Amino acid sequence: AVRFSNGRLQRPGSMQFTVYRNKDKDHPRKKHRRILVSETERLSYVGNNFGSGVMKCNSLCRYFVGVLDKESGQMEVYNAEMFNMQPLLSGRRVLCLSPCSVLDACVHASADWLLTAVLCGLPVCFFFLISVFLPQHGGRRIHYMDLCIEAFGTNKQKRALNARRMNAVGSDVVTTAVAKAAANIIDEKGVAALIQDVAQDDVQNISALLPPCNEDAEKPENVYKFEDILSPAEYEALQVPAAVFVNITAEEISKKAEEQSHCSFVLEELKLLPADEKSRDHKARCLWFLDTLIKFSHLRVIKKKYLMGPGCPHIISRKLMKNFTSMTYNNGSVRNLIPSSMKSKITAYVIALALHISNFQIDLTVLQNDLKLRESRMMDIAKAMRLKVSKAKGLPGLEDIQNHKLGTLSLPLPVQKAPENLRKRKKMS
């Protein structure tokens, strides 16, 4: 049984049909594949029962054909299959099919322009018009497609076409104006001055993420004051959760290292806890908060209420949410994210706290690995914080793996410079 996609037959008796079967009769699927071809004087039509364009009705319904014997009055019923016959067109030529060219023509038919016509909302008959008469050049095809929309498209399509053309004109005007303005600025200030201005702006942007810096400090501990990292109330709240670090043993540290439950910097510093009770308690609180900051930096979207566990004091959780996240709105709900800028801010506060813990000299490579940062980004933040960066041997067992970088905070503070990656910008054209 056949149906024609582009109209009805006026003289069914003049049609000639040919069925092609798949030669692989042993394959369970291919042996049922058929291609039905109908040839007329003007066009050739092709239909098949396989592929992406097959009719859905064949899998949902069963069709039968009844043949009535007029003499006996009995009807014989046969299984049937529905074929959707479509004109076979290729470029500008109408193909006359032979058995060997049926599959070739199906593959090379203009399916891409059928998809284009459907996406544009044009009737499928326009696809045949476009396939036969349009040239093969992409730019020209788009032009003729626009002409078809002007002639046959709906009001909505015509408004969209006009808006696209207006936007194209507006984009050209803006591009020309921007290029002219950029050329005037370059002529007035020069490329070197512009690059220096951009570098200075980037330095200021990084500085906005750093802890408050006292450049006139007479001691290293006053450059980044401890009170600017942890307020007295926050420091007091750390007494309870940090108690696990105060009385920790060497065996427990080894077990935590195997479990990787804490970062490398914290585990190494736990081995060096002072014997004095007050100093030990102070360092334990700092290490607990530093470890919490590093774990917090690994998050992306804050979903849970107790994000760092029920053991984290409420004042610390509020500090993390307020100072180190960005609030966004998504589908009517408020979400807290940790973008790259906030991760840089967390890194700066981790460095500042680590300086207080380690007598103002830290292994930047260890912190970089704990924070999962690129080395270039870690060095940029360290230099923005006025640290002197030098090469140093790593922790025991790591000397042959990588060259460690040591960061030292000493007075007088070095002059702040633009990060290294800012000097490798592309040329302005």
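1. In this predicted model, strands 11 and 12 pair in the antiparallel sense, and five bridges join strand 11 to strand 12 (residues 333-337). Within this pairing, Val-334 of strand 12 has Tyr-329 opposite.

2. The pair belongs to an open, antiparallel sheet of three strands in the order 10-12-11. Strand 10 (301-302) and strand 11 (326-330) each have a single partner strand, so they stand at the edges and one side of each is left without a neighbour in the sheet.

3. The largest nonpolar core has 62 residues. Those with the most contacts inside it are Leu-270, Leu-290, Ile-351, Ile-362, Leu-367, Met-385 and Leu-387. Several helices supply at least two residues each, among them helix 8 (226-229), helix 10 (243-246), helix 12 (264-270), helix 13 (277-297), helix 14 (314-323) and helix 16 (364-371). Helix 15 (340-357) is also one of the suppliers, and its 11 residues are the most that this core receives from a helix.

4. A second core is separate from this and has six residues, including Phe-4, Leu-36, Tyr-45 and Phe-83.

5. Leu-367 is worth inspecting by itself, with neighbours within four places in sequence left aside. Its contacts are then Phe-265, Ile-294, Val-350, Ile-351, Ala-354, Ile-362 and Met-378. Of these partners, Met-378 is among the buried residues of helix 17.

6. Helix 17 (residues 375-384) has Met-378, Met-379, Asp-380, Ile-381, Ala-382 and Ala-384 buried. The helix is also one of those that supply at least two residues of the 62-residue core. Arg-386 follows helix 17 and has a positive phi, near 70°.

7. Is Glu-269, in helix 12, buried or exposed? Its relative accessibility is 12%, and Glu-269 therefore counts as buried, the cut-off being under 20%. Apart from neighbours within four places in sequence, Glu-269 is in contact with Lys-283, Leu-287, Ile-357 and Ser-358.

8. On the surface, Phe-64, Leu-68, Met-75 and Val-77 form a nonpolar patch whose accessible area is about 420 Å² together. Strand 5 (63-68) and strand 6 (75-80) each supply at least two residues of the patch. Val-77 is found in strand 6 and counts as exposed because its relative accessibility is 54%, where the cut-off is over 50%.

Methods. Residues numbered from 1 in each chain as written. Predicted model: local features only at pLDDT ≥ 70, side-chain atom pairs only at ≥ 80, totals over all residues. Heavy atoms only, no water. Pairing = 2+ DSSP bridges. Helix = DSSP H or I, 4+ residues; strand = E, 2+ residues; numbered from the N terminus. Buried < 20%, exposed > 50% of the residue type's maximum accessible area, 1.4 Å probe, protein only. Patch = residues over 30% accessible without salt bridge, like charges linked within 9 Å, V, L, I, M, F, W, Y side chains within 5 Å. Areas by Shrake-Rupley, 256 points an atom, 1.4 Å probe, with all protein chains shown as cover. Salt bridge = Lys/Arg side-chain N within 4 Å of Asp/Glu carboxyl O. Core = buried A, V, L, I, M, F, W, Y, C linked by side-chain atoms within 4.5 Å. Contact = heavy atoms within 4.5 Å.
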